[in-house]
Amino acid sequence: MAESLAEIVDLPTEYVSWHSPAAALWVASTPTAYVGMVDRNHDGFVATDCTGRELGVYGTLESARVAVYGAWVAPAPTEEQALIA
């Protein structure tokens with residue numbers, strides 16, 4: 001019997017919401033966790049994950065938000081995890 005998509009992909013099930021507590025700053029969170037943030041500077045939209053790691057500078061707010069969400073769904077391995085692998 002074929003596996004369902006839910007069994008194949010282990011994605012977070014919490015809803016991510018975005019808030020803008022200050023001009024040019026957007027913060028993503030779930031009811032239980034900080035997800036990341038996007039802030040705008042002269043170069044574009046800077047995406048940062050929940051650990052404070054910069055994910056890059058993007059041309060649009062939407063693409064920066066997607067990067068933050070993607071880092072939350074599939075976080076990059078830490079340096080320690082990379083050394084073990």
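The following exchange concerns the strands and one helix of a predicted model.

Reader: What makes β2 and β3 count as paired strands?

Author: Two strands pair if DSSP finds at least two bridges between them, and five bridges join β2, residues 25-29, to β3, residues 34-41, so the condition for pairing is met. The two strands run antiparallel, and one of the bridges links L25 to its partner D39 in β3. Four residues lie between β2 and β3, which form a hairpin.

Reader: How do you know that β3 is also paired with β4?

Author: Six bridges join β3 to β4, residues 44-49, and because pairing asks for at least two bridges, these strands pair as well. They run antiparallel, with G36 having D49 of β4 as its bridge partner, and their hairpin has two residues between the strands.

Reader: Why are β1 and β5 called edge strands?

Author: The open sheet has five strands in the order β1-β2-β3-β4-β5, with antiparallel pairing. Within this order, β1 (17-22) and β5 (54-58) each pair on one side only, and that is what the name edge strand refers to. Neighbouring strands of the sheet are turned by 20° against each other on average, with direction ignored.

Reader: What makes it right to say that helix α2 lies across β1, β2, β3, β4 and β5?

Author: Contact means heavy atoms within 4.5 Å, and helix α2, residues 61-73, lies across β1, β2, β3, β4 and β5. The helix runs at about 155° to β3, on a scale where angles go from 0 to 180 degrees between N-to-C directions.

Notes:
Residues numbered from 1 in each chain as written. Predicted model: local features only at pLDDT ≥ 70, side-chain atom pairs only at ≥ 80, totals over all residues. Heavy atoms only, no water.
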